Amino acid sequence: MKAEDLKGKTQDELKKALLDARKDQFNARMQRAGGQLENTASLRAKRRDIARIKTQINTKSAKA
C-alpha cells in the first residue's frame, strides 16, 4: 500500500482500512506462532502499512 493510494480516501475509508490491516497483522502473527507463515517479511510490511494509514488519519484530522 502506498501513501498516494491513501490520500484520496475519506476518514471512514481510512478507519476501515486500519481495521482490516490490524486484522491481517493479527492473523499473520498467529500463523508465525504456529509455524505456518512462510513470508516473515510480510509482518514488517503490515506494520508499516498500519503506520501509513495512521499518519493519513492524523493528517486529515489536523486539517479539519
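This section describes the helical architecture, helix packing, salt bridges and selected residue environments of a predicted model.

The chain contains three helices and zero strands, and its elements follow the order α-α-α from the N terminus. Taken along the principal axes, the C-alpha atoms occupy a box of roughly 45 × 15 × 15 Å. Of the 64 residues in the chain, 23% are buried. Among contacts with a separation of 6 or more, 71% join residues 24 or more positions apart.

Two packed helices are described by the angle between their axes and the distance between the axes. For helix H2 (residues 11-33) and helix H3 (residues 41-63), the angle is about 160° and the axes lie 9 Å apart. H2 is therefore roughly antiparallel to H3, since angles over 145 degrees are assigned to that class. The crossing in which H2 passes H3 is left-handed.

The contact between these two helices draws on residues from both partners. On the H2 side, the participants include Gln11, Leu14, Leu18, Ala21, Gln25, Ala28 and Arg32. On the H3 side, the residues met include Leu43, Lys46, Ile50, Ile53, Ile57 and Lys60. By class, the contact of H2 with H3 comprises nine nonpolar, four polar and nine charged residues.

Glutamine 25 illustrates this packing at the level of a single residue. Glutamine 25 belongs to helix H2 and has a relative accessibility of 19%, so it counts as buried. When residues up to four places away in sequence are not counted, glutamine 25 touches Leu43, Lys46, Arg47 and Ile50. Each of these four residues is also listed on the H3 side of the contact with H2.

Side chains of opposite charge can pair when their charged atoms come close. In this model the count comes to three salt bridges. One of them joins glutamate 4 to lysine 7, with the closest N and O atoms 3.6 Å apart. Both glutamate 4 and lysine 7 lie in helix H1 (residues 3-7), at a spacing of three residues, or about one turn of the helix. Glutamate 4 has a relative accessible area of 58% and is therefore exposed, whereas lysine 7, at 48%, is partly exposed.

Another salt bridge links lysine 16 with aspartate 20, the closest N and O atoms being 3.2 Å apart. Lysine 16 and aspartate 20 are four residues apart in helix H2, and are therefore separated by about one helical turn. Lysine 16 counts as exposed because its relative accessibility is 52%, while aspartate 20, at 32%, counts as partly exposed.

A salt bridge is also formed between the side chains of arginine 52 and aspartate 49, with an N to O distance of 2.9 Å. Both residues lie in helix H3, three residues apart, which corresponds to about one turn of the helix. Arginine 52 is partly exposed at 34% relative accessibility. Aspartate 49, by contrast, is at 18% relative accessibility and so counts as buried, as the limit for that class is under 20%.

The partners of this H3 salt bridge also meet the start of the chain. Methionine 1, located in the segment before H1, is partly exposed with a relative accessibility of 46%. Leaving aside neighbours within four places in sequence, methionine 1 contacts Leu6, Asp49, Arg52 and Ile53. Although methionine 1 and arginine 52 are 51 residues apart in sequence, their C-alpha atoms are 8.5 Å apart in space. Ile53, which methionine 1 contacts, is in addition one of the H3 residues met by H2.

Lysine 9 was examined as a residue of the loop between H1 and H2. Lysine 9 has a relative accessible area of 29% and is therefore partly exposed. Beyond its neighbours within four places in sequence, lysine 9 is in contact with Leu14 and Lys60. Leu14 and Lys60 both take part in the contact between H2 and H3, Leu14 from H2 and Lys60 from H3. Lysine 9 and methionine 30, in turn, are 21 residues apart in sequence and 29 Å apart in space, C-alpha to C-alpha.

Key:
Residues are numbered from 1 along each chain as its sequence is written. This is a predicted model: local features need pLDDT of at least 70, side-chain atom pairs count only at pLDDT 80 or more; totals for chains, interfaces and linings use all residues. Side-chain values use heavy atoms; hydrogens and water are left out. Axes are lines fitted to C-alpha atoms, for helices over the stretch in contact, and angles run from 0 to 180 degrees between N-to-C directions. Angles under 35 degrees count as roughly parallel, over 145 as roughly antiparallel, 65 to 115 as roughly perpendicular and the rest as oblique. A crossing is left-handed if the near helix is turned anticlockwise from the far one by less than a right angle, and right-handed if clockwise. Contact means heavy atoms within 4.5 Å. Ala, Val, Leu, Ile, Met, Phe, Trp, Tyr, Cys and Pro count as nonpolar, Asp, Glu, Lys and Arg as charged, and the others, Gly among them, as polar. A salt bridge is a side-chain nitrogen of Lys or Arg within 4 Å of a carboxyl oxygen of Asp or Glu. Buried means under 20% relative accessible area, exposed over 50%, partly exposed in between (1.4 Å probe, protein chains only).
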